Structure formats: C-alpha cells, structure tokens
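Student: I have a sequence and a model in front of me, and I would like to learn how each description of it is justified. Could we go through the terms one at a time?

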Amino acid sequence: MFFDQAKIYIRSGNGGDGMLSFRREKHVPFGGPDGGDGGHGGDIIFAASRHLNSLMRFNRQAHFKAEHGKHGGTQKRNGKRGAPLRIEVPTGTVIRNAETGQVLADITSEEQEITVLKGGKGGRGNIHFASSVNQAPRIAERGEPGEELWVTLELKLIADVGIVGVPNAGKSTLLSVISGATPKVASYPFTTLQPNLGVVELDDFETFVVADIPGLIEGAASGVGLGHDFLRHVERTRVLIHLLDGSAKEPLEDWAMINQELALYDIALEKRPQLVVLNKMDLPDAVAWEPLIEEQIVKAGYPFMSISAATQQNVRQMLYRVRRMLDEAPPAKTRHDDEIAVIRAENEEGFTIEREGDGWRVHGKQIERVAAMTYFEFDSTLIRFQKILETMGISQALTEAGVTEGDLVYIGEEELEWGE
C-alpha cells in the first residue's frame, strides 16, 4: 500500500537536573558550592531523505522520543546533553499540529532539516546562585521538561508536471511511454490506486519529473472515489497535463468536471498552467472528436494537442510543449525555513486560575516550567519559588480568587499546600 498520511507522537528530551553540592576537601573548610549544570534535553528534528518515498514506517511506529539530558555532578561537572532524535521523512512531507492543523514544517528539498521541538534546558547547579551575601547557596534547579506533541504527516509528491484526468483516460500508459516508470496499466477504471512518479529525459540531458495522479471523478474534492486522497499531490506541480479520453462519450464534459474538482479543492489550481491533451488518436472516435474539442479548448484559452500514448503519435512534440510551459511557469510555492517556528507558547508569562476539586489550579507555561524545575524538598528553593509567585502576581491573584490557608494549589504536576 502507498502510505501518504500518518499521525505520530513526538517528545523532546527533559533537561538534566542541576546539582546541589559543596566542595569537601581536606584542609578546605569553606570550599563553597561546586554543583554542575544538567545537560539540555535532545531536540526532535525532521530531516528529508531521498531514500524514502512513502510514510510506511510510521504505520509501524507512532511514538518517537529524544534522549534526556544527564544530571549535573559534583566538582562543577556538567551533565551530558541528550542526543537529538532525527526522524527521516520523504521529501514533500508537510508536518502539522494534529490538534490545531498549524503547519510546523514543510520538507521540500533534499538534506533539509528542521527542528520542530526543542529539548528542555538543563537545570543550573548551585554554583550559579552564590553571591556575596549567600556564599553557600542551597539552591539548584531541576531540568526543564521537554515538549510533547501529536503531529500529522502528509506527503505531497514533488513533481514538475502532473497528469490529471478521468479514470481510464490513459494517464498510466502515457507515463510509462515518456519515462522509465512502470505503473500498472489496464483498460478499466481505477487501475491506478497510488500516484506514480517518472523522470522524463529530453535532449541535452534536460529532465523533469512527471506524476501520474489517480483518476478523478465528480465529487473528488468532497471525498468521493479515490480523488480526495490524492488531490493533494497536484498542489506541488507547476504544470498540468489534462488528459482527455478520446473514446469517452463526452470528453468535454469530463474536462469541465475535472477542472471544477481541482478548483473546489484549491482555487489556485484553477490558474495552474494546463495543457489539454486528447488521447487515443489511434481510435476512430478520438479522430472524430478532435475538431470540436480543439475549437472549444482553444476558445476557453487553453493550449491543445492530440496524441496517441499507445502508438506514441505526437508524444515527443507534446513533451517539448510541456518543457516550454515549465520554463515560463512560476516556481512552486512552498513554505520557507524562516517561516517555521520551533514549538513554544505564544505568551509564556500569562496565567489563569480556576477552581479544581478541593483546591485551585494555576495554568501558565512559565510558572508550570518553574514549578517543574524547583526542588521543593529544600527550604531555600521553596522560598525562591514563593518569591517568583509574588513577582508574577500569582500570589495576589490567588488571594483575590479566595484561596485560604490549607487549600491545595496545583501547578503542573506539583501539588502544594497554601500557607501564610
């Protein structure tokens, strides 16, 4: 089967904890703090691979996690950084937030790599908290938790030219004639159950990539037939060959219907350069249709040609016409690297408070991160956390909301008891 969609879970690594320790050497009674920093957690990186042509591997594995950073040590030794996880995907893969649909990355060129989730920062050891008034700080930080996300992967074939048309118009036959591709060919609808790619070679080593898009029927843009699953592959193409079946009852009606489905799926496809080609000129019906179809197509403002893919009549001339159209066509529009942002909250300093069961829940990206990085078992770090609550205005907001002594306050995974 051809897998061009997948949903996977990704998680970057946690940062390692900072160390709280002091020098303990003979004849050095006041050695001072020497706790090292934790290592940063590993990132989640998506990378293009020319060796992949489908998303099949993600049908077998759906969870991907980067390595956690190592904890800091004594004697100012920092923890090792967690290894990033590099996930290889085919060129042409679009990565979206599964919940919001936001595009996170668009892998459009070979060797392209994009960091989608950053690993958590390593916690600072107590050497960073020493000062002239506190020369023996009993304060350190836990590592920052990594980010986690469900994402969808969507493969859109990257081809210069797309061959579209109704089932049995001869698209697969044409692709096999003009390239080295060997798609399944037979004289019944829906022979092509997946897109096929082929490379066309012209004179002077000129090449371009052609995609045979499975047959489209009326309602394809709304999910009818096979077209809905494969219309996305038309988006990347710069020029369309609209192949008409010369043996059909109403080739012009088929042409109008396919154009309507393309426009319904993506209005930009309506303006995509299109060469209308009448196929099967080796049959009497196609020969009879040719004058009328050419008149109507040219009248509508589209270039027209007639060929026979089976006998290769006029096929070479058609390819030269397509090459000229490619030279004149604008480059395919794709999302640039600088438009892709590593996942982070838009407003990290904001927070909300709500009643939850027998206590109160504080929501907020920054305060949840601070809570996760706090050693609550040490008085010094607990006092520091209380000061952060006051500085951010959370303590006052809780008081105004009605929190009383003894109430439970939930921040992230932490459960705290409110006191005066």
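Tutor: What follows is a set of questions about the terms used for this structure, each answered by setting a value against a definition.

Student: What should I know before reading any value?

Tutor: This is a predicted model, in which local features need pLDDT of at least 70 and side-chain atom pairs count only at pLDDT 80 or more, while totals for chains, interfaces and linings use all residues. Residues are numbered from 1 along each chain as its sequence is written, and side-chain values use heavy atoms, with hydrogens and water left out.

Student: How do you know how confident the predictor is?

Tutor: The pLDDT is the predictor's confidence in each residue, on a scale from 0 to 100. The chain averages 84, and 86% of the residues score at least 70. Over residues 185–192 the pLDDT stays under 50, and the model has 17 contacts for them beyond four places in sequence, a contact being heavy atoms within 4.5 Å. Residues 335–347 also have a pLDDT below 50, and this stretch has 24 contacts in the model beyond near neighbours in sequence.

Student: What makes a run of residues a helix or a strand here, and how many of each are there?

Tutor: Both are DSSP runs numbered from the N terminus, with helices (H or I) needing at least four residues and strands (E) at least two. Counted in this way, the chain has 9 helices and 18 strands.

Student: Why is tryptophan 255 called buried, and what is tyrosine 302 called?

Tutor: Buried means under 20% relative accessible area, exposed means over 50%, and partly exposed lies in between, with a 1.4 Å probe and protein chains only. Tryptophan 255 has a relative accessible area of 11%, so it is buried, whereas tyrosine 302, at 22%, counts as partly exposed. In the whole chain of 420 residues, buried residues make up 48%.

Student: Why do these two rings count as an edge-to-face pair?

Tutor: Rings of Phe, Tyr and Trp (its six-membered ring) pair if their centres lie within 6.5 Å, and the planes count as stacked when under 30 degrees apart, edge-to-face when over 60, and tilted otherwise. By this rule there are 5 aromatic pairs. In the pair of tryptophan 255 and tyrosine 302 the centres are 5.4 Å apart and the planes stand at 90°, which makes the pair edge-to-face. Tryptophan 255 lies in helix 4 (residues 251–265) and tyrosine 302 in the loop between helix 5 (284–299) and strand 14 (304–306), so the pair ties together parts that are 47 residues apart in sequence.

Student: How do you know that the length of helix 4 agrees with its number of residues?

Tutor: The expected span is 1.5 Å times one less than the number of residues. For the 15 residues of helix 4 this should give 21 Å, and its end C-alpha atoms are 21 Å apart, which agrees. Its buried residues, among them Leu252, Trp255 and Ile258, pack against strand 9 (161–164), strand 12 (239–245), strand 13 (274–279) and helix 5.

Student: What makes a group of residues a nonpolar core?

Tutor: A nonpolar core is a set of buried Ala, Val, Leu, Ile, Met, Phe, Trp, Tyr and Cys residues joined through side-chain atoms within 4.5 Å. Of the 25 residues in the largest such core, Ile10, Phe46, Phe58 and Leu153 touch the most other members. Strand 8 gives the most to this core, with 4 residues. Apart from it lies another core, of 24 residues, among them Val161, Leu275, Leu319 and Ala329.

Student: What makes lysine 7 a charge over the ring of tryptophan 150?

Tutor: The rule asks for NZ of Lys or CZ of Arg within 6 Å of the ring centre and within 35 degrees of the ring normal. Lysine 7 lies over the face of tryptophan 150, at 5.6 Å from the ring centre.

Student: What is noted about phi in lysine 76 and asparagine 168?

Tutor: Most residues other than glycine have a negative phi. Lysine 76 has a phi near 60°, a positive value, and lies in the loop between strand 3 (63–65) and strand 4, where it is exposed at 54% relative accessible area. Asparagine 168 has a phi near 70°, also positive; its place is in the loop between strand 9 and helix 2 (171–178), and at 30% it is partly exposed.
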